[in-house]
Amino acid sequence: MDYESMFEQAIAALKQEKRYRVFTELGRHAGNFPKATRHLEDGSTQDITIWCSNDYLGMGQHPDVLQAIKEATDTYGAGAGGTRNISGNTRMICELERELADLHQTEAALVFTSGFVSNDATLSTLGKLLPGCVILSDELNHASMIDGVRHSGCEKRIFRHNDARDLEDKLKTIAPDRPKVIAFESVYSMDGDISPIKEFCDLADKYNAMTYLDEVHAVGLYGPRGGGVAEREGLMHRIDIIEGTLGKAFGVVGGFITAKQCIVDAIRSYASGFIFTTTLSPVMSAGALASVRHLKNSQVERDCHQERAATLKRLLAEAGLPVLPSVTHIVPLMVYDAELCKQASDMLLDDYGLYIQPINYPTVPRGLERLRITPTPFHDDAMMAELTSALKDVWLRLELRQAA
Ligand code: PLP
């Protein structure tokens, strides 16, 4: 059996489809976000500006966060010492969970090692705990939700993206006595659109379904305390389970769910993805706690973030570039071709020192390849002018499609 050639063939297939991924080696400059050093294979370096980070508010370098991390390292050491079954709860993770429950104004929270794990572990366990459950899942849900639904082993119905009518058509066909979970996101991170949360909650009430909302691209960023879009729209109390990450707007790492005590206790007690893996370290828990606390009390980052995103969208549109009119902080710039998207990204990095990863299939459908730009409060006017001018050059050099 020639195992090596099987792996080589798998890689060759990706290369053939022009979606073989290459990641740049970067060293971010603490205190000088979004600047970083790129380390090339020949040993040379290049100063670059990051334009595609999901550290949306630069909280990964906020002094409160760094201080909390330093203090926790000195106080508790590096690791958590194992799974919670083996080593118990760390003080920091308990404080973080209380803070997250408060953020979402509910009874309890549970921290996981990532947002991906939170979704996979929770959805898969829900499906196992609710006898005869059907999970209704938005067609554009994130891979972690898709995996969770699949791992639950229960019946699923996929409804059209953000389409309440299609969701209702599906709900109508399910026997009233069967448990149902409507699983969706608030901000969809590739197009930057927002789901009709209220309509989905109304349907959940009408058909007696539970609601499961992924606020990964919204926590820290929306709502008066950073509770997400559901907080902004006064709907948090209507969502049964809110899921989020500590690795994007909160700038650290980890994921969580918040819900009523009995739900959190059941997930804690049954989810393999929670039980059988080493807990998030007290150091990262302390950093995340500082970040959540800071953003609960500070609106300036959120206001500035929205202003920066709106300004960049306007500048790109004025330059005739095909920017999607997203209603959020995400700025998708359409290329419509996998190979050209990669070339545009390489050119921006090599020739202009601007880092924007290409977004190709399966993250987006084939033919809808794009550069996904995420301006932060730290991207100033000069940086935006530099980016706009570089993008105009690249669009001309590669003869890419202009705005319609
Ligand atoms: N949910 C959504 C919608 C995401 O986009 C992502 C990651 O990009 C995740 C969950 C996973 O979160 P994490 O990066 O913390 O694993």
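This report covers the enclosed space and the salt bridges of a predicted model.

Residues are numbered from 1 along each chain as its sequence is written, and side-chain values use heavy atoms, with hydrogens and water left out. Because the model is predicted, local features need pLDDT of at least 70 and side-chain atom pairs count only at pLDDT 80 or more, while totals for chains, interfaces and linings use all residues.

**Cavity**

A search of the whole structure turns up one cavity of 30 Å³ or more. A cavity here is a set of points, on a 1 Å grid over the protein atoms alone, where a 1.4 Å probe fits but cannot get out; lining residues have an atom within 4 Å of a point. Points are joined across faces, edges and corners, and the volume is the space filled by probe spheres set on them. The largest cavity holds about 60 Å³. Its lining includes Arg84, Phe112, Gly273 and Thr278. Strand E4 (108-112) and helix H11 (272-275) are the elements that give two or more residues to this lining. Both are DSSP runs numbered from the N terminus (helices H or I, at least four residues; strands E, at least two). By class, the lining has four nonpolar, five polar and one charged residues. Ala, Val, Leu, Ile, Met, Phe, Trp, Tyr, Cys and Pro count as nonpolar, Asp, Glu, Lys and Arg as charged, and the others, Gly among them, as polar.

**Salt bridges**

The whole structure has 30 salt bridges. Each is a side-chain nitrogen of Lys or Arg within 4 Å of a carboxyl oxygen of Asp or Glu. Three of them are tabulated with their N to O distances.

| Acid | Base | N to O distance |
|---|---|---|
| Glu95 | Arg293 | 3.1 Å |
| Asp102 | Lys296 | 2.7 Å |
| Glu307 | Arg308 | 2.9 Å |

Glu95 and Arg293 form a salt bridge. The pair links distant parts of the chain, with Glu95 in helix H4 (residues 91-103) and Arg293 in helix H12 (residues 282-297), 198 residues apart. Glu95 is buried at 18% relative accessible area; Arg293 is partly exposed at 36%. Buried means under 20%, exposed over 50%, and partly exposed in between (1.4 Å probe, protein chains only).

Asp102 and Lys296 also pair. They too link helix H4 to helix H12, 194 residues apart. Asp102 is partly exposed at 33%, and Lys296 is buried at 8%.

In the pair of Glu307 and Arg308, Glu307 is partly exposed at 37%. Arg308 counts as buried at 8%. Salt bridges that share partners join Arg91, Glu95, Glu99, Asp102, Arg225, Glu231, Arg293 and Lys296 into one network.

Key
On a 1 Å grid over the protein atoms alone, a cavity is a set of points where a 1.4 Å probe fits but cannot get out, and a pocket is an open set with protein on both sides within 12 Å along at least five of seven lines; lining residues have an atom within 4 Å of a point.
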